[in-house]
Amino acid sequence: MSQALQDLLDLLDLEQIEEDIFRGQSRSAVVPRVFGGQVAAQALVAAGRTVPEDRLAHSLHAYFLRIGDPGAPIVYTVDRMNDGRSFTARRVVAVQHGQPIFALSASFQRPEQGFEHQAPMPAAPDPATLPTSEERLRGYGHLDRGILEKFLEARAAVDVRYVDEPPFGRFGEPREPHSQVWFRTNGKLDSEVDDPLMHVVLATYVSDMTLLDSVLLAHGRGGWAIGDVVGASLDHAMWFHRPFRADEWLLYDQHSPSASGGRGLGQARIYTQDGRLAVSVIQEGVVRAPRT
């Protein structure tokens, strides 16, 4: 397991300070605020630690309420909403400086058998044939060196490989609002952290990295790394359909059906390399042209 992955796992490991109250640390993202995927992943960890081990996360719905301060810890308070025979529900509120910055509802289910069908996996090249993030990013001479290094640091724990040029790689002309990336952690999870919840938590963390890329593609914008848009995540929803491993290749197939009113919507499906639909994701975010 790489040191970068260990550092990420340490970041996602919360300190319990009271029954159903946890504290997590923060770190800066590419922009000077807490990365939304970090808060969502930590909140899911908090929820999961109050749930019986035989209940697996099957959905989450979250709202980003305020920008997080990377210089301050985050306190997560868990509300035990329901403990049923099959399903367990939790609500988590993340607080900084006395104000809520994030709210999450998550549902967990006892495994059971049922009907089975799924949408087929779309065509995508083998991830081994694609450049790594570092190989691709270091080839972009137009990127500010400081931003490039922040990008690489933010993604050091996860191997993210774009199928086509990302928004910040080629911009200026609208493209189809569709993006694909392969991702997996940089290294296998050690046995002490290798449990189903951690794989779901890591996928939640990564899911916020690229989902709004498809909105940018539709308008020929390069994004936060270029500075031709300003924005932030507003809400985020995920459904976990089938077991998967975050340390094995996952295809993140993303598209944007709509943008209006200063907001853009991204929808996505995450597939295992052998074609199983593992996760569905929807996110809306603020996407605006910079004000002059």
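These legends walk through four close-up views of a predicted model. Residues are numbered from 1 along each chain as its sequence is written. In this predicted model, local features need pLDDT of at least 70 and side-chain atom pairs pLDDT 80 or more, while totals for chains, interfaces and linings use all residues, and side-chain values use heavy atoms, without hydrogens and water.

**View A. The open sheet has 12 strands.** Here the strands (DSSP runs of E, at least two residues, numbered from the N terminus) follow the order 1-2-4-5-6-3-9-12-11-10-8-7, with antiparallel pairing (a pair needs at least two DSSP bridges). Strand 1 (15-18) and strand 7 (158-162) stand at the edges with a single partner strand each, so one side of each has no neighbour in the sheet. Neighbouring strands are turned by 25° against each other on average, direction ignored (axes are lines fitted to C-alpha atoms).

**View B. Strand 3 meets strand 6.** Residues 56-64 and residues 99-109 pair in the antiparallel sense over eight bridges. Look for Ala57, which stands opposite Phe108 in strand 6.

**View C. Helix 2 covers residues 36-48.** All 13 of its 13 residues are buried (under 20% relative accessible area, 1.4 Å probe, protein chains only). At 1.5 Å a residue, the helix should span 18 Å (1.5 Å times one less than its number of residues), and its end C-alpha atoms are 18 Å apart, which agrees.

**View D. Arg155 sits in the loop between helix 4 (145-154) and strand 7.** Arg155 is buried yet has no salt bridge (a side-chain nitrogen of Lys or Arg within 4 Å of a carboxyl oxygen of Asp or Glu). Asp213, the nearest side chain of opposite charge, is 5.6 Å away. Leaving out residues up to four places away in sequence, Arg155 touches Ser133, Val160, Tyr162, Asn186, Met209 and Thr210 (heavy atoms within 4.5 Å).

How values were computed:
Helices (H or I, at least four residues) and strands (E, at least two) are DSSP runs, numbered from the N terminus. Axes are lines fitted to C-alpha atoms, for helices over the stretch in contact, and angles run from 0 to 180 degrees between N-to-C directions. Buried means under 20% relative accessible area, exposed over 50%, partly exposed in between (1.4 Å probe, protein chains only). Lys and Arg count as positive and Asp and Glu as negative; His and the chain ends are not counted.
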